[in-house]
Amino acid sequence: LREEITRHRPVAAEYTAWRQEVNVTKEDERHVSSITVEGLNWVNEDYLRSVSKIRTGDTVSIDAISRDARSMAALDDLESVAYRLEGDVGNTAMIWMPSEASIGKDYVSPSLGIYGDGGGDLKFQLGVQHVRRWMTERGGQWRNELKLGYDSSISSSFYQPLDVRQAYFVEPKLLFNRSAENFYLDGDHVATVRFEDLGGRGDLG
């Protein structure tokens with residue numbers, strides 16, 4: 001019997017390596033007993049929770065927590081996401097500590113366009129876009145755009161997500177557009193026709 005036990009007994013080096021692997025795995029995993037979010041001023045906490053894959057009661061690794069933090073930090077509304085773990089591995093309170101974008105709810109984006117037509121004319125267009133975010137709890141956005149130049153327009157819309165995860169949305173829009181078309185005959189400019197359009201539309205997706 002002793003010989004049989006000895007024959008199946010693991011080599012000391014193998015046992016040590018196995019034991020270290022088990023210990024590392026156990027120390028790396030934590031049972032999440034609660035999840036809280038700190039430091040938000042205007043981003044909806046439930047929206048961040050919908051991006052995270054970790055739920056209360058899960059047993060997760062530090063790598064999984066870090067992956068969730070990177071996923072949330074990739075959102076336009078945030079600059080970074082840190083976290084804090086309190087308690088032991090069997091009863092861990094996880095606290096997310098996101099840092100919201102420093103530009104706040106509003107951002108303005110300018111643009112410049114240059115266009116050359118078949119008659120050799122160069123046309124310019126200046127534009128500016130303004131977006132005010134998080135006007136509602138589900139992330140509603142007021143979007144405005146102004147363009148001045150060969151094709152001038154102004155538009156205003158309200159983008160409203162229909163669920164917390166922002167997977168579905170509705171966006172009604174009002175717009176006014178003014179443009180000009182040059183007409184040529186045998187290379188000579190003969191007329192300029194101006195067009196004006198006023199209307200609206202609605203997007204659902």
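1. A nonpolar core is here a set of buried Ala, Val, Leu, Ile, Met, Phe, Trp, Tyr and Cys residues joined through side-chain atoms within 4.5 Å. In this predicted model, the largest such core has 19 residues. Val43, Leu48, Ile54, Leu78, Met94 and Trp96 are the members with the most contacts inside this core. At least two core residues come from each of β1, α3 (45-51), α4, β3 and β4. The largest contribution is that of α4, which gives 4 residues. As general background, nonpolar side chains tend to be buried together in soluble globular proteins.

2. On the overall architecture, the chain contains 4 helices and 10 strands. Their succession along the sequence is α-α-β-α-β-α-β-β-β-β-β-β-β-β.

3. An open sheet is formed by 4 strands, ordered β2-β1-β4-β3, and its pairing is mixed. Its edges are β2 (59-61) and β3 (78-88), each of which pairs on one side only. From one strand to the next, the twist averages 50°. Helix α4 (residues 62-73) packs on this sheet and touches β1 (29-37), β2, β3 and β4. The direction of α4 makes about 155° with that of β3.

4. The pairing of β3 with β4 (residues 91-100) is antiparallel and extends over 10 bridges. Within this pairing, Leu78 has Glu100 of β4 as its bridge partner. Leu78 is also among the core residues named under point 1.

5. Trp96 deserves separate comment. Beyond its neighbours within four places in sequence, Trp96 is in contact with Ile35, Thr36, Val37, Glu38, Ser52, Ile65, Asp68, Ala69, Met72, Val81, Ala82 and Tyr83.

6. Is Ser52 buried or exposed? Ser52 counts as buried because its relative accessibility is 4%, and the cut-off for buried is under 20%. The residue is located in the loop between α3 and β2. With neighbours within four places in sequence left aside, Ser52 is in contact with Asp68 and Trp96. Asp68 also appears among the contacts of Trp96.

7. Some totals for the chain complete the note. Of its 205 residues, 26% are buried. The exposed area is about 13700 Å², of which carbon and sulfur atoms supply 52%. Among contacts in the chain with a separation of 6 or more, 44% involve residues 24 or more positions apart.

Key: Residues numbered from 1 in each chain as written. Predicted model: local features only at pLDDT ≥ 70, side-chain atom pairs only at ≥ 80, totals over all residues. Heavy atoms only, no water. Pairing = 2+ DSSP bridges. Axes fitted to C-alpha atoms, helices over the stretch in contact; angles between N-to-C directions. Contact = heavy atoms within 4.5 Å. Buried < 20%, exposed > 50% of the residue type's maximum accessible area, 1.4 Å probe, protein only. Areas by Shrake-Rupley, 256 points an atom, 1.4 Å probe, with all protein chains shown as cover.
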